[in-house]
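Me: I've got this model open on my screen and a few things I'd like to ask about. Can we go through it piece by piece?

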Amino acid sequence: MKDSDDARLTYAYSEVHERLVYVDEVPNGNECNCTCPKCKEALCAKNEGTHRTHHFAHISGKECIGATETALHRLAKEVLAEIKCLCLPSIEGVCESELSTFEKVDIEPLDKELSLRPDCIGYHKNGRAIWIEFKQTHAVDTAKKDRIREEKVDCLEIDLKDCELDRKKIELFIKEKSNNRKWIYYHRIPRIKTKQKSDSVNPNDNRQKFENSTHIQRRMHFAIDEQGDIIDTYHTKVLDPECTFHCLGCGNSIHFDKQRNCFVHSEAIKECNERQYLSNAARTILRYRFLTSTIYIRYSSIEYDIKLELGYKYCRVLPNKLIVFSRNDESKDDIFVCVNGLDFMEILRSEHRLIIVPALKEEHLYNLLYKSLEQSNSTFLNFKNRDSLNE
């Protein structure tokens with residue numbers, strides 16, 4: 001018979017101490033003045049026996065599913081605020097794992113500008129801050145990730161799945177372990193290589209691979225990982241077949257086929273068709289590049305950074321699936337992007353700038369992910385001249 005969640009609940013919120021306390025820190029029985037961290041009901045401390053593990057139980061007798069997980073999540077935040085330090089994970093080619101020390105740590109502060117509330121924010125002496133999200137049952141949702149990346153907020157997600165409900169063990173896990181934690185955004189990580197280097201992968205060398213990927217129902221070489229990042233089988237050296245990935249075309253779960261070195265849909269899920277996959281993937285890649293790094297528009301030998309040099313701050317997808325890059329609320333400077341030359345005559349008749357990007361095969365997706373739009377064989381309409389970008 002499976003033990004109830006109460007039998008494992010060894011920490012509860014103390015009205016006296018105003019924090020989570022271990023069961024042996026409080027008087028036995030109903031006078032412990034503790035409440036359940038999940039449902040807020042009154043608890044009874046059972047800490048005098050010798051045959052069973054000391055624990056808290058609901059006075060009402062109910063079994064509160066998820067109470068232990070909630071206690072672990074809350075205790076991790078309290079411990080981080082107490083020790084004011086955190087082991088940061090290593091970044092290949094950038095830095096090794098290191099202990100980061102904070103002047104102070106706030107628990108669940110509200111960022112009024114972004115209207116977001118992280119689990120914790122750690123503040124360094126130099127003024128930099130790191131957002132910390134503790135993952136228990138659910139990871140940070142996609143909308144929140146997008147906003148964090150758009151605003152370039154350093155944010156680390158720490159998975160507590162292998163952590164026990166024990167204050168000392170949680171402290172050691174936070175201070176000394178660098179596994180089970182990943183950056184949602186970090187200013188030192190080169191998120192996307194937008195300029196090709198001599199040692200970069202040449203898509204011409206993989207032409208046969210791209211041609212083999214024509215049957216989208218069978219295999220794909222691009223996917224979204226659990227952190228919301230776009231990955232491909234050409235650059236990513238190690239992919240875990242046990243991890244869950246998502247299709248850029250339909251958003252359904254897919255998995256990595258190690259033997260064929262590609263992503264495939266699960267047999268139980270209806271596969272998206274080739275056109276849906278390629279067109280939706282192209283729009284997702286463009287928006288992802290805008291949010292996580294930038295997009296370059298090249299004219300002749302000059303390459304313009306659409307965000308830093310041209311001042312475009314916003315990217316959105318319209319109901320008709322057009323992508324729009326905007327500088328501000330005024331629409332006269334907007335740049336519209338459509339995939340595969342779909343018929344948008346209202347745009348063509350206007351003075352709005354329009355970029356048509358091809359997405360007819362996976363090689364086009366590769367170009368959109370790693371090259372400037374001009375190098376991606378895109379067509380530019382209503383750009384009066386090369387200097388009009390700076391108007």
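**Rings, strands and odd corners**

Reply: Sure, and let's start with a charge over a ring: Lys104 sits over the face of Tyr123, 5.1 Å from the ring centre. Keep in mind that this is a predicted model.

Me: Which ring does Arg181 lie over, and at what distance from the ring centre?

Reply: To count, CZ of Arg has to be within 6 Å of the ring centre. Arg181 meets that over the face of an aromatic ring, and the one in question is Phe173, at 4.9 Å.

Me: OK, what are the edge strands of the open sheet with β8 and β12 in it, and what is the order of its strands?

Reply: This open sheet has five strands and its pairing is mixed. The edges are β8 (104–107) and β12 (181–185), as each of them pairs on one side only. From one strand to the next the twist averages 25 degrees. Reading across, the order is β8-β9-β10-β11-β12.

Me: Which residue in β12 stands opposite Cys155?

Reply: Strand β11 (residues 155–159) pairs with β12 in the antiparallel sense, over four bridges. Across from Cys155 in β12 you'll find Tyr185.

Me: And in strand β17, which residues point the other way from Cys262 and Val264?

Reply: In a regular strand, side chains alternate between the two faces of the sheet. Strand β17 covers residues 262–265, with Cys262 and Val264 pointing one way, and all four of its residues are buried. The ones pointing the other way are Phe263 and His265.

Me: Which residue takes a positive phi in the hairpin of β16 and β17?

Reply: Strand β16 (residues 253–257) and β17 pair in the antiparallel sense over four bridges, with His255 standing opposite Val264. The hairpin has four residues between the strands. The residue with the positive phi, near 55 degrees, is Asn261.

Me: Is Ser115 buried or exposed?

Reply: Most residues other than glycine have a negative phi. Ser115 isn't a glycine, yet its phi is positive, about 55 degrees. You'll find Ser115 in the loop between β8 and β9 (120–123). Its relative accessible area is 55%, and the cut-off is over 50%, so Ser115 is exposed.

Me: What about Asn180, how accessible is that one?

Reply: Asn180 also has a positive phi of about 55 degrees without being a glycine. It is found in the loop between α3 (167–176) and β12. Asn180 counts as partly exposed, with a relative accessible area of 22%.

Me: Why does the pair of Phe290 and Phe325 tie together parts apart in sequence, and how many residues apart are they?

Reply: The structure holds eight aromatic pairs. In this one, Phe290 and Phe325 are stacked, at 5.2 Å centre to centre with 10 degrees between the planes, and both are buried. Phe290 lies in helix α5 and Phe325 in strand β21 (residues 323–326), so the parts they tie together are apart in sequence by 35 residues.

Me: Which backbone oxygen lies 2.7 Å from the side chain of Thr292?

Reply: Thr292 is found in helix α5 (residues 274–292), and at 4% relative accessibility it counts as buried. A polar atom of its side chain lies 2.7 Å from the backbone oxygen of Tyr288.

Me: Last one: what separates the C-alpha atoms of Cys32 and Cys44?

Reply: Cys32 is found in the loop between β2 (19–22) and β3 (34–35), and it is buried, with a relative accessible area of 2%. Beyond its neighbours within four places in sequence, its contacts include Val26, Leu43, Cys44 and Phe56. Cys32 and Cys44 are 12 residues apart along the chain, and their C-alpha atoms are separated by 6.7 Å.

Notes:
Residues are numbered from 1 along each chain as its sequence is written. This is a predicted model: local features need pLDDT of at least 70, side-chain atom pairs count only at pLDDT 80 or more; totals for chains, interfaces and linings use all residues. Side-chain values use heavy atoms; hydrogens and water are left out. Helices (H or I, at least four residues) and strands (E, at least two) are DSSP runs, numbered from the N terminus. Buried means under 20% relative accessible area, exposed over 50%, partly exposed in between (1.4 Å probe, protein chains only). A polar contact is a pair of N or O atoms within 3.5 Å; within protein, one must be able to donate a hydrogen and the other to accept it, and residues adjacent in sequence count only if both atoms are side-chain atoms. Two strands pair if DSSP finds at least two bridges between them. Contact means heavy atoms within 4.5 Å. Axes are lines fitted to C-alpha atoms, for helices over the stretch in contact, and angles run from 0 to 180 degrees between N-to-C directions. Rings of Phe, Tyr and Trp (its six-membered ring) pair if their centres lie within 6.5 Å; planes under 30 degrees apart count as stacked, over 60 as edge-to-face and the rest as tilted. A charge sits over a ring if NZ of Lys or CZ of Arg is within 6 Å of the ring centre and within 35 degrees of the ring normal.
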